[in-house]
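Biologist: I have a fold on my screen and want to learn how to read it. Can we go through it together, one feature at a time?

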Amino acid sequence: MSGLADPVARVLRYGTGPAARRAAAEEAERLWARGIAARAVFRPEYGGWAVLVLTAPVRRRPRG
């Protein structure tokens, strides 16, 4: 254990499929627009597409 706090504050689950992917991506965009660091990811352990809301403050938008 490194002693660092968990970088993910909250996980918003959306499920699988193209509609879930779009919904997760749109929610991540909305959160970024409000200044909240978030990223849409596909993770089987979360049941498919999810939005990870990060604990770190927003500095700049990641590329890619």
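Biologist: Let us start with one residue. In which helix does E27 lie?

Modeller: This is a predicted model, so keep that in mind. E27 lies in helix α1. That helix covers residues 18–33 and lies across β1, β2 and β3. Its direction is about 10° to β3.

Biologist: What is the strand order in the sheet?

Modeller: Read a sheet from one side to the other. Here three strands form an open sheet, in the order β1-β3-β2, and the pairing is antiparallel. β1 (8–15) and β2 (38–43) are at the edges, because each has a single partner strand. One side of each therefore has no neighbour in the sheet. From one strand to the next, the twist averages 25°.

Biologist: How many bridges join β1 to β3?

Modeller: Six bridges join them, and β3 spans residues 48–54. Take one residue as an example: L12 has V51 in β3 as its bridge partner.

Biologist: Back to the helix. Is E27 buried or exposed?

Modeller: Compare the relative accessible area with the cut-off: buried means under 20%. E27 has 16%, so E27 is buried.

Biologist: Which residues is E27 in contact with, leaving aside neighbours within four places in sequence?

Modeller: They are L12, Y14 and V51. You have met two of these names already: L12 and V51 are bridge partners.

Biologist: And which side chain makes a polar contact with the side chain of E27?

Modeller: That of R30, at 2.8 Å.

How values were computed
Residues are numbered from 1 along each chain as its sequence is written. This is a predicted model: local features need pLDDT of at least 70, side-chain atom pairs count only at pLDDT 80 or more; totals for chains, interfaces and linings use all residues. Side-chain values use heavy atoms; hydrogens and water are left out. Two strands pair if DSSP finds at least two bridges between them. Helices (H or I, at least four residues) and strands (E, at least two) are DSSP runs, numbered from the N terminus. Axes are lines fitted to C-alpha atoms, for helices over the stretch in contact, and angles run from 0 to 180 degrees between N-to-C directions. Contact means heavy atoms within 4.5 Å. Buried means under 20% relative accessible area, exposed over 50%, partly exposed in between (1.4 Å probe, protein chains only). A polar contact is a pair of N or O atoms within 3.5 Å; within protein, one must be able to donate a hydrogen and the other to accept it, and residues adjacent in sequence count only if both atoms are side-chain atoms.
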